[in-house]
Amino acid sequence: MSAMPAMPGTYTTDDAVLHVNYHGERGDETPTLVYAANRALGTRFTVTLTALGRDGVQGAFSGTLRRQGDGSGPDLITVSNGRFAALYHHSESSAR
């Protein structure tokens, strides 16, 4: 089965195609905290791609993530009104 290309739109963990991981650095000797959202964890997360083009992607995200493994952080964290904009690495020798 081939992967479907990403398209502008809204994707959720309910779609079974969106799996979200967040790795939180604490700035001290404490190990990195890892949080995840997917259907198996009973969490819900939404990513909306508002623009997707040759040179970059932008959109918004929100939802609840569950802590993975050991750690002293909260079991659940909630992210709301997150936004992103990222340019793709582009070079003359790379084909798309």
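**Notebook: contacts, core and pairings in a predicted model**

I began with the contacts: of those in the chain with a separation of 6 or more, 51% join residues 24 or more positions apart. I note that the model is a predicted one.

**Entry 1, overall make-up.** I looked up the secondary structure and found six strands and zero helices. Along the sequence, the pattern reads β-β-β-β-β-β. I then checked burial and surface. Of the 96 residues in the chain, 25% are buried. The accessible surface of the chain is about 7000 Å², and carbon and sulfur atoms hold 54% of that area.

**Entry 2, the core.** I asked which residues make up the largest nonpolar core. It has ten residues, namely L18, V20, L33, Y35, A37, F45, V47, L49, V57 and L65. I traced these to their elements: strand 3, strand 4 and strand 5 (56-68) supply at least two core residues each.

**Entry 3, Y35.** I chose Y35 from the core for a closer look. Is Y35 buried or exposed? Its relative accessible area is 3%, under the 20% limit, so Y35 counts as buried. Leaving aside residues up to four places away in sequence, I listed what Y35 touches: V20, N21, Y22, L65, R66, R67, Q68, G73, P74, D75 and I77.

**Entry 4, aromatic rings.** I recorded three aromatic pairs in the structure. Y22 and Y35 form a tilted one, with 6.5 Å from centre to centre and 40 degrees between the planes. Because Y22 lies in strand 2 and Y35 in strand 3, this pair ties together parts 13 residues apart in sequence. Unlike buried Y35, Y22 is partly exposed, with a relative accessible area of 43%. I also noted one aromatic cluster formed by F45, F61 and F84; of these residues, F45 is listed in the largest nonpolar core.

**Entry 5, salt bridges.** I turned to charged side chains, since those of opposite charge can pair when their charged atoms come close. How many salt bridges does the structure hold? I found two salt bridges. In one, the side chains of R44 and D14 meet at 2.1 Å, N to O. R44 sits in the loop between strand 3 (33-37) and strand 4 (45-52), and D14 in the loop between strand 1 (9-12) and strand 2 (20-24), so the pair ties together parts 30 residues apart in sequence. Both partners are partly exposed: R44 has a relative accessible area of 44%, and D14 has 43%. I recorded a salt bridge between D75 and R67 as well, with 3.2 Å between the closest N and O atoms. D75 and R67 also appear among the residues that Y35 touches.

How values were computed. Residues are numbered from 1 along each chain as its sequence is written. This is a predicted model: local features need pLDDT of at least 70, side-chain atom pairs count only at pLDDT 80 or more; totals for chains, interfaces and linings use all residues. Side-chain values use heavy atoms; hydrogens and water are left out. A salt bridge is a side-chain nitrogen of Lys or Arg within 4 Å of a carboxyl oxygen of Asp or Glu. Helices (H or I, at least four residues) and strands (E, at least two) are DSSP runs, numbered from the N terminus. Buried means under 20% relative accessible area, exposed over 50%, partly exposed in between (1.4 Å probe, protein chains only). Contact means heavy atoms within 4.5 Å. Accessible areas come from the Shrake-Rupley method with a 1.4 Å probe; for residues, only the protein chains shown count as cover. A nonpolar core is a set of buried Ala, Val, Leu, Ile, Met, Phe, Trp, Tyr and Cys residues joined through side-chain atoms within 4.5 Å. Rings of Phe, Tyr and Trp (its six-membered ring) pair if their centres lie within 6.5 Å; planes under 30 degrees apart count as stacked, over 60 as edge-to-face and the rest as tilted.
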